[in-house]
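Visitor: I'm new to this one, so please pick a single part and walk me through it slowly. Start with the surroundings, then zoom in.

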Amino acid sequence: MTKMLTRRVLLGFFTIIIVSIIIFTGVELLPGDACTAFLDRDAFGKLLENCRENLGLNRSGLVRYFEWAFAALQGDLGVAANGTTSIGELVGDRLKNSLFLAGCSLSVGIPLAIFLGVLTGLKRDKPIDIIVSTGAIFAMTIPEFVSATILILIFSVWLGWLPGIVVVSASAPVQDFFPEIILPVVVLAMVMTAHMLRMVRSSVIDVMSGDYVQMATLKGVPYWRLVFQHALPNALLPAINVVALTIAWLVGGVVVIEVVFNYPGLGRMMIDAISDRDLPVVQAIALIVGSAYVGVNLAADMLTMFLNPRLRTMYVK
Amino acid sequence: MDSLPPLLKVNGIEIGFNGRDGNFLQVLRNVNLTLHKGESIGIVGESGSGKSTLALAAMGYLKHGLRLSKGSVNFDDQPLFELNQSKLQTIWGGRLALVPQNSGQSLTPTMRVGEQIIESLKLHTATVPKDYWSAVKRLLKQVRLPEPDIIMHRFPHELSGGQQQRVAIAMALSGEPDALLLDEPTTGLDVTTQAHILELLRDIASTKGMAMIYVSHDLGAIARVCERVIVMYAGESVLEGETRKILRNPSHPYARALLASIPKLSSGGFPAALDGRPPAPSGTRNQCAFSDRCGIAQSRCFSEHPKLQKLTNGEQCRCHFPELIEQIPLSSLVPKPINIIGKSKPALNLKTLSITYEKRGILDFIFGNKYRNPPTVDAIDLSVGIGETLGLVGESGSGKSTILKSIAGLKPLKSGDISLHDGSNLPVDVEKRNSEQLRRIQLIFQNPDESLNPRHTIVEILAQPLRLYFGLTGKTLRDRAILILEKVRLSEEYLDRYPSQLSGGEKQRVAIARAFIAEPEVVLCDEVTSALDVSVQAAVLELLNDLKRLNNTTYIFVSHDLAVVKALSDRVAVLYQGRLCELGSTKNVFSGPSHPYTEVLLGAVLEPDPDMVLNLVADDTVELGPPALGCPFQRRCPRRLGSICEEKSPPERLLEVNHKILCHISVEDL
Amino acid sequence: MTDLLKLFLSKILSLHQKAWTVVGDIYSKPSGAIGLTLVIFHICLAITSPLFVPYDFKMMDASLMLSEPSFSHWLGTDHLGRDIFSRTLLGGREALLVTGVATPIAVTWGGFIGILFGLVGGRIDEFLMRIVDAFLSLPWILKMLLLIVTFGSSTFVLIPTLAFFYGIPVIRIARAATHDFVAKDFVSAAKARGHKRLTIILSELLPNVRDSLLVEGAMRWSWMLLAFSSLSFLGFGVAPPNPDWGLMISDARGFMSFRPWGVLGPVVALSSLIIGINLSADALAKALGIDRTQKAPV
């Protein structure tokens, strides 16, 4: 079992390395370099030379990659394109805020998705299923900035119950983000829940029409025991993977939300960095996000392996 | 027994579903069944007969989409279809228990098997919690599972098919029911496993006085377990009575034809084909359902629906003219094909074939490390003559399908070669073979549902080989396709149909047509009749035989069904765990002294003969893989000599001319 | 040669007939009917709107900035005095053009590669999928913005960018769908007959995978629209003064508290189109008999 685990972890690490290579080569392939991008129209002469020296751009790509990668491994993300600001400092607060936002959304979204997914799966085609499923389609397909805008319109502009914009500074402790964080969390949770609940629903329907549920029925097992002991453990296993995928999506979704609500998180910083053409910062954020995604997938894989008897025993023997 | 009230009574039930245009289509029509305490009744039928629906309905359960339009089912005087859920839940598992068809899929994957049995104990018995696990152990011992302490903590997927089935039986018994309902409980299991489970059921019936309803398509299994039998056809019961009498001399044309179409080890004839197929579920029926396939049908049969009549011999028969039954032969009159052995040059030569499924890592490859496990198939030396049929028999794990796949080029060899009759070597990889080589060897698969592309019409399916090997197009192509369809007895109108519109037998015929349209020399048949109904099987065997005679084709015929192999093959090779045990002419292998494994196989075959006695000499333990050294059968052999069987490979011994076995026991001692 | 042509034409004909049956199936359900009608409506609107818009989208009327809805301006004017109603009518054109072209490209190339990977299998497949997975682990916004920021956001950049990035998840879907079939005997039968790999892909696998790809294509289109409008919203998509719903929402956001129509117009338009596509995709899946388990968009 431990052999399998270490193999998986190594594989995850290997994937992160590929991610870093992709990021680095991607940025390298863009015409110009970090300095020409950052300085834009001022990119010539002494200014350019200085910038390049500061960032060490006059060395070969391979050398720079390894430097960057090794430094990153130790937690040093380098400096921004202006040559001075430490990326690590910049990113620290923002990361905390983004994680907080993601965390709140997940803790609302996941239980809600499971509950609604199981409910609609068991009561298939009944009124409750139709209402929830249609609502899910709406929530899922409308772009987040649209749903955010609508919610702001309703709850902030018309009803005045909740603030529509975050004015707290980036380095503030997380408690200060209430109540501004409520609307962003609602939007994120809404979209997440919609995705996940459809998958859970489909899984529940599959399992409930399967052979072993029929057998349990014909064994005299009462309905609710059947649902909780026989059906759900099997139906919810695939949900772990969906949660992992949703978390991956969340990163993309968070960016838009952070912009709409002016939330001081990693996503907004990324957009700003891209607008400013600050490539080192962009690289660093990409690395963080990519690694987080790989990490989440790894955790999901291992959790599935642990919970699924078929996979578990495969490796124990 | 008639004075006691029956345990279970099915009264004239009619079950069906609503078709696309809203009509009510009947799956079961006016079926009656009476089960007394301690009695065991068999329900026999092929696909579409409604037997599974009947078994579940006898418990008061209908699958989604079906409804009961007439009749009732009474268990212990309670009408099952009118009870509420909680009452039904006390009966299900507690008084009427189901042993399902595919236990692998019917046991919940996330619960240990012991826990699933305990669930039943909790629901239906008064066992106290501290006794749960010991009760489970007792039950597992009853179903003859070795090492019950270990098995009860396993998950279903960790058990073999036979073990899963036994667990299902234990679970059914745990509720201490009055009657067991068994829905094809041995389908898909190995021959020897099947035989052992049937013996177990016989014992349970006799020691516990358990009533049983046993549903199966296999008359041999029914013969073993049931005193009475009901034969179902197209949703109706067409014959009911004592198993002994019915198997000896059935009074209904369908039952007779069915019996005659089963290949038997004991009889000499080739099974007689029963053409046509059963009618689909429909509304009212105005004629005898079997009339279009019946050998003694008269005009009345096509216009009037027959009722069940009681005959003088005590049986109930649904036929207008039971007195004419003698006109239909009891067993096949078709003579066996003439065996030709050793008269022709070899079409195909397999020399010391060795095949493995093990994958070596890149590092192993670089360092040239050996494989860790013994190969799946090893040391196979076989040759097939032109026009000859070589049968490969064995149970699961015998490697017979693997060998076929390698000949077809789909599975690479570990070592050894395959050569054709002109001496040239057949490249092992299908991508390296030239067009001629590809054309000359054709493969037919087991499951016609999967071997025909569901998105292609029949003509497109047949066009593939025609285009590839002969470059035919247009009208010439279509004409050739029509010709080959005629040879497999399908009319031109099938050309533009999709596989989903054809029956299983028809699809398999298309697969055969597709193989023969390439004008091959060697046709590899991988369990080609195993997925078909019994009566359809005979037709396909007859077709294969005819094609062979016409084209002088060589067959390598793989099957787990010994009777089928005996009917079609000239020579037979018996395989165990990927190694050869015995090779000789069909006649010699199936009679007389043989390899210990062949004896075990022959002793476990179920014939539809009520007086048959099984000779179970070995138990059905599961092998995980071939042993590294010595005889492959060393672990189960009832005639094991000693350590020599584990250390040295068994030598070849010649029993007769062209009949050899690989065993350490000398010829005289066998 | 003519024979192949005849075969090709007959295939097209039968596909055409099948397409009408499918459309009929979609219309038989209320959700499908609503969905497909919305989609067709929007497409027609996008094509014909320039012919009947009351005002030029660029025309700024300084005296009427942020005016309320009136008889002459049905939805009022935006912060630059432009008519919101006209801009709303025209707002979908670029979006539909770009996504309408990029989606088939994405599905075609992603589908082909996916089927190829699914067929080849083995180590190469696993290795390449690792790279694909690594690539997918980066947020889509990041990847697209890097390209847009470097090369600009004209239609000629957006179409290939979207087609490339949105084709990659299609690889996964096509590969998974192919896996379902590759193990089936009819593929082994084709291999045993000695057909070339390309033949197997086109002749055996594609007809079976085609339906999944169609449904996936419909969903891809809606994700792409979502991405496109998000990009415009963030300022990286359609360049002003061209009208685009995402851009309009971004512009009007600041004035939402007293002039909601600037936001509501594009919101309703965009939402109705995307919902329409999704309802149609769902109905299409049911009509083709495909069971879709929703995956998160990339």
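**Chain B, from the outside in**

Guide: Let's go with chain B: among its contacts with a separation of 6 or more, 69% are between residues 24 or more positions apart. A contact here means that the C-beta atoms of two residues, placed from the backbone, lie within 7 Å. Keep in mind that this is a predicted model, where local features need pLDDT of at least 70 and side-chain atom pairs count only at pLDDT 80 or more, while totals for chains, interfaces and linings use all residues. As for labels, residues are numbered from 1 along each chain as its sequence is written, and chains are lettered from A and ligands numbered from 1 in the order in which they are written.

Chain B has 24 helices and 23 strands. These are DSSP runs numbered from the N terminus, with helices (H or I) of at least four residues and strands (E) of at least two. Along the principal axes, its C-alpha atoms fill a box of roughly 75 × 65 × 50 Å. Its radius of gyration is 26 Å, which agrees with the value near 26 Å that a compact globule of 670 residues would have. That radius is taken over C-alpha atoms, and the globule rule is 2.2 Å times the number of residues to the power 0.38. Of the 670 residues, 50% are buried. Buried means 20 or more other C-beta atoms within 10 Å of a residue's own, exposed means 12 or fewer, and partly exposed is in between, with C-beta atoms placed from the backbone.

Now for the close-up: strand E8, residues 211-216 of chain B. Six of its six residues are buried. Ala211(B), Ile213(B) and Val215(B) point one way from the strand, with Met212(B), Tyr214(B) and Ser216(B) pointing the other way.

Who are the neighbours? Strands count as paired if DSSP finds at least two bridges between them. Strand E3 (residues 40-44) of chain B runs parallel to E8(B) and is joined to it by five bridges, and Ile41(B) has Ile213(B) as its bridge partner. Strand E7 (residues 179-183) of chain B also pairs with E8(B) in the parallel sense, over five bridges; there, Ala179(B) is matched with Ala211(B). Add helix H8 (residues 191-208) of chain B, and E7(B), H8(B) and E8(B) make a right-handed β-α-β unit. Right-handed means that, with the strands pointing away from the viewer, the path from the first strand over the helix to the second runs clockwise.

H8(B) has another job in this picture. The domain assignment, which is automatic or from a database, gives domain 1 (8-95 + 177-327) and domain 2 (112-174) in chain B. Their C-alpha centres lie 30 Å apart, and ten residues of domain 1 of chain B are in contact with ten of domain 2. On the domain 1 side, H8(B) supplies the largest share, three residues.

Elsewhere in chain B, an open sheet of four strands runs E2-E1-E4-E5 with antiparallel pairing. Strand E2 (24-35) and strand E5 (78-79) of chain B are at the edges with a single partner strand each, so one side of each has no neighbour in the sheet. Two antiparallel bridges pair strand E4 (residues 67-75) of chain B with E5(B), and Asn74(B) stands opposite Pro79(B).
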